[in-house]
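Me: Hello! I am new to this structure and would like to walk through it with a few questions. Could you show it to me first?

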Amino acid sequence: MWIEHRSLFLEELLRMEGRGGLQEVPCSDCGGSSPEFKCEDCFGIDLRCSSCITAAHQRHPLHRLQKWNGNYFKCATLKSLGLRIQLGHTFGQKCPNPRRAFNDNFVVMDSYGIHEVLLDFCDCVEAESHTQQLLRIAWFPSTTADPKTAATFRLLEEFHLLSFESKVSAYEFYSALVRRTNNTGLAPVKDRYESFMRMIREWRHLKMLKRSGRGHHPNGVDATEEGDCAVLCPACPHPGKNLPDDWEKVPRAKSWIYALFLAIDANFRLKRKIVSSNTTDPSLSCGWAYFVEEGAYKELLAEKVDVLQEKSTCSSHNAVNMADMKTSRGLAATGLGTIDCARHNLKRPNAVGDLQKGEKYVNMDYLFFSTLRHTSLQTLNVSYDIACQWHKKLWQRMTAFPISMHFDFVSKVIDFFVPKFHLPAHIEKCQTTFSFNFKRGVGRTDGEAPERGWANINPVASSTKEMGPGARRDTLDDFFGDWNWKKVVGLGTIMLRKMKEALPERTNQQITLNDLEEGLKEDYGGVLDQWRMQVEAWEDDPRQPNPFERNADIITLASVRLALAKEDEAEIQSGSCLALHEDCSPSVLISSGLELEEQQRRLRADKAACGLHATDTQQGKLVEQSNSLQRRIEAWVKIQALYMPNISALRLSDQATSTNMTSVPSSETFKLWLPSQIGRSAPCDERLQRTEWRLRYAQGHDALRSLCSSLRAQTAVLKYKDRNLRGQGANTRARNTLKTIDARIEAAASRYEGAHKALVILGGLLAETGWQSSLRPLNRQDIRSMSDLLWGESEGRRKLSWIWNMRGAGGSEKDDTGGLEDMRIKWCKARARAMRWGEEVELLQEEMRRILAFLMWEAACWDKRQDSVIPTSLEHQDGCVAYAKRQAFLRRELAASFEARWAETLAQPDNINDID
């Protein structure tokens with residue numbers, strides 16, 4: 001459509017380069033002939049003479065002019081026409097004692113460009129300072145001592161908002177401003193970049209103080225305490241602000257409704273180079289918003305610099321440690337640690353601090369205890385991706401912190417969680433113990449709030465990493481404050497969306513649970529009450545047996561070998577041992593055969609890894625391994641001939657049918673002829689078959705566990721690499737780690753496939769059944785992590801690979817123990833889902849009430865501030881009162897808007913009883 005009119009648009013653009021039909025038109029003001037000047041920023045297009053256009057711009061001294069030189073319009077300035085700007089007096093009033101700016105040349109930065117103007121300060125006896133005179137006309141001076149440069153409030157506000165939304169750096173913005181002033185390079189613009197950086201930093205700081213009400217405090221800005229300038233989360237519980245007076249007397253069963261949800265995380269994108277120092281570049285605030293007070297923080301870290309951090313016992317964190325290839329060389333801070341509101345994704349007061357090298361406990365502990373000083377709640381739910389390790393000695397480590405940071409954890413209810421997206425990377429026990437899905441009183445919280453916030457702040461890393469320590473903290477404080485405010489004004493939409501999702505889900509999950517219980521009554525009615533008592537006991541006391549975990553013994557190759565050795569011991573003591581070799585019983589023979597088979601598999605993998613161009617050293621090591629394995633096989637074959645005398649004939653027959661009869665099989669391809677390989681082709685002692693079946697069954701379970709563990713490690717490394725690693729070196733080392741993990745995954749899969757193939761053969765010979773339910777055929781698409789999706793799957797239709805449902809039932813699976821456990825876990829999870837959605841509705845209702853109450857509390861605070869300010873003049877008092885009234889009105893309007901938006905949804909009837 002527009003293409004058809006393209007020529008018209010181009011024609012009009014070119015028309016504006018000329019006088020646009022005004023060639024013979026006189027001056028639009030005085031009617032004089034040959035007007036030469038037009039203004040780019042005034043409305044409409046008309047031509048004026050020099051005196052008229054100067055008079056017309058007495059109130060618009062920063063407009064851009066153009067002068068017709070007979071051929072085209074050329075840039076002109078009001079300064080060149082003699083326009084002088086007088087400060088300190090009302091418009092039109094002549095100053096009896098003007099004082100020209102330094103060198104009669106003042107630089108003003110504005111949205112239209114960088115201007116040089118003629119400026120006169122008022123130097124009368126009663127005149128304000130030069131700084132005040134500039135501020136009175138909304139110009140921000142670059143310095144308080146004889147200012148020569150200023151920026152308009154309009155420009156600072158424009159950059160301020162633009163930096164929040166587009167993350168444009170000050171350098172990029174200033175460069176664009178220079179090009180808007182002159183885009184040819186023929187008329188160089190005075191460099192005021194450093195002045196602009198200083199002014200925008202001061203502007204950010206002043207805006208923070210103004211919006212937090214510090215300008216209304218009777219004791220002034222210096223009375224500001226730590227955390228006073230932070231934008232608080234209205235939906236979180238704040239005693240004395242948005243909680244009922246008797247909230248502490250609520251029954252224990254309902255105390256979870258007043259819990260505080262915290263989420264801990266670190267970000268290694270927001271690093272800072274070793275630029276400047278705290279002495280040269282101190283922060284303008286001392287822990288007044290989101291960052292902790294730097295002096296006390298660094299002092300404590302210096303005391304703990306030699307403290308060793310305990311090793312992790314969770315497999316995923318070992319993998320993360322392997323991938324942690326970051327270096328602190330050239331960096332003053334390798335990243336940031338933060339404590340966020342886990343349900344609403346707002347930064348907490350005094351909960352942000354620099355990390356010096358990695359995500360050390362001492363850093364995160366300090367931030368955690370620092371922000372807890374701002375709450376007196378009795379129930380805490382803490383989410384951290386390494387909570388399973390971090391929480392173990394947390395209270396012991398707290399004793400080393402200052403008394404002011406100590407936390408009365410004994411009298412409080414504190415639960416620790418791992419965020420839902422991070423949970424699959426943890427070992428199986430962590431996945432039930434620290435899951436948001438299974439614990440009571442957390443609703444549908446996922447704990448991933450910080451991850452969503454990083455996406456907003458990460459783009460500023462490229463500019464903040466070059467800043468000094470104080471400038472960086474002030475800048476990030478401002479960004480966090482803006483993030484919090486955007487969240488506050490968006491709560492009306494966010495809470496409504498969550499409630500609309502939660503109400504039908506609560507109904508659906510309750511119906512699903514009711515249907516499941518109705519179906520279970522016939523076969524499991526007797527144990528249903530027992531399951532309910534068990535899960536409620538665990539919810540009340542996590543030290544009780546976890547109903548979401550399987551109680552059956554875990555099958556391992558080592559445990560089966562131990563059982564076989566004890567059986568041999570019993571036969572020896574009873575005199576019924578039929579061993580044909582003094583050092584090797586039948587069970588030892590088969591067990592040794594499986595070990596040789598595994599060594600063959602490893603040797604084949606090592607040779608494949610070397611490729612076609614192996615070095616002499618590599619080839620030498622492989623030959624040595626092959627020779628050693630060949631000697632073990634030969635010794636084993638001699639003993640095998642005693643227990644399986646027909647093996648020699650099978651080997652000769654196999655060689656006779658081989659395509660290459662003259663070649664001798666290498667050690668890694670030598671066929672061992674275990675009972676499963678013989679099958680029905682030759683007779684074999686059933687005892688040997690039974691022994692191999694037991695060992696293969698355990699080997700299959702061992703291989704699955706190894707496969708799952710490696711997949712968890714792979715997930716953790718990939719996640720860590722994506723979030724934190726930048727640069728070719730770090731990524732190359734991480735890829736090498738992933739290559740090693742991939743090799744372990746392939747080895748475990750190959751070992752499982754061999755065990756499964758043997759079980760299929762032996763199961764038919766021994767009439768073993770039931771084992772197929774837990775040891776199924778392994779396809780390539782089955783080898784995936786918990787969080788991976790198949791092609792065409794969505795999150796709502798995700799199907800978990802069967803390898804993650806492996807049952808560890810002891811002995812034979814012919815009994816119904818495994819099935820009973822499966823049904824118990826299925827019922828427990830269905831009950832948990834119904835309860836979590838029910839809790840989510842209750843939490844959302846309470847949070848909506850708290851939001852409205854908090855906004856009204858804030859409005860009342862602004863009402864009080866009208867009278868608390870100590871004005872320096874009537875004008876100052878008038879401004880303070882007007883601002884306080886506007887802020888109070890804004891809070892009440894937000895509350896009214898939210899309440900009206902939620903009214904229809906909250907009026908829906910509640911048809912489902914709570915699950916108790």
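Me: In which element does R99 lie?
Reply: Helices (H or I, at least four residues) and strands (E, at least two) are DSSP runs, numbered from the N terminus. By that naming, the place of R99 is strand 5.

Me: Thanks! Before we go on, what kind of model is this, and how are residues numbered?
Reply: Residues are numbered from 1 along each chain as its sequence is written, and side-chain values use heavy atoms, with hydrogens and water left out. Local features need pLDDT of at least 70, side-chain atom pairs count only at pLDDT 80 or more, and totals for chains, interfaces and linings use all residues, since the model is predicted.

Me: Is R99 buried, partly exposed or exposed?
Reply: Buried means under 20% relative accessible area, exposed over 50%, and partly exposed in between (1.4 Å probe, protein chains only). R99 has 41% relative accessibility, so it counts as partly exposed.

Me: Which residues is R99 in contact with, and how far is F121 from it in space?
Reply: Contact means heavy atoms within 4.5 Å. Leaving aside neighbours within four places in sequence, R99 touches L119, D120, F121, D123 and H130. R99 and F121 are 22 residues apart in sequence, and their C-alpha atoms are separated by 5.0 Å.

Me: What is the phi of D104, and where is D104 found?
Reply: Most residues other than glycine have a negative phi. D104 is not a glycine, yet its phi is positive, at about 50 degrees. D104 is found in the loop between strand 5 (98–100) and strand 6 (106–110).

Me: And K167: where is it, what is its phi, and is it buried or exposed?
Reply: K167 sits in the loop between helix 4 (153–166) and helix 5 (170–181). K167 is another residue other than glycine with a positive phi, near 60 degrees. Its relative accessibility is 13%, so K167 counts as buried.

Me: Let's move along the chain. Where does S585 lie, and is it buried or exposed?
Reply: S585 lies in the loop between helix 17 (557–574) and helix 18 (586–610). S585 and L564 are 21 residues apart in sequence and 9.9 Å apart in space, C-alpha to C-alpha. With 12% relative accessibility, S585 counts as buried.

Me: Which residues is P586 in contact with?
Reply: P586 is found in helix 18, and its relative accessible area of 7% makes it buried. Leaving aside neighbours within four places in sequence, the contacts of P586 are Y643, R687 and L688.

Me: D606 is in helix 18 too; is it buried, partly exposed or exposed?
Reply: D606 is indeed in helix 18, and beyond its neighbours within four places in sequence it is in contact with L622 and Q625. At 34% relative accessibility, D606 counts as partly exposed.

Me: Which residues touch the most other members of the largest nonpolar core?
Reply: A nonpolar core is a set of buried Ala, Val, Leu, Ile, Met, Phe, Trp, Tyr and Cys residues joined through side-chain atoms within 4.5 Å. The largest one has 77 residues, and those touching the most other members are F368, F369, W390, W395 and F416.

Me: What does W395 contact, and which residues does the second core include?
Reply: Neighbours within four places in sequence aside, W395 is in contact with F368, F369, F407, F409, I414 and F416. A second, separate core has 29 residues, and includes L564, I590, L650 and A698.

Me: Now the whole chain: how many helices and strands are there, and what is the radius of gyration?
Reply: The protein chain has 25 helices and 16 strands. The radius of gyration is taken over C-alpha atoms, and the globule rule is 2.2 Å times the number of residues to the power 0.38. For 916 residues that rule gives 29 Å; the protein chain is well over this, so it is more spread out than a compact globule, with a radius of gyration of 38 Å.

Me: What does the C-alpha trace span, and what share of the residues count as buried?
Reply: Along its principal axes, the C-alpha trace of the protein chain spans about 125 × 70 × 65 Å. Of its 916 residues, the share that count as buried is 48%.
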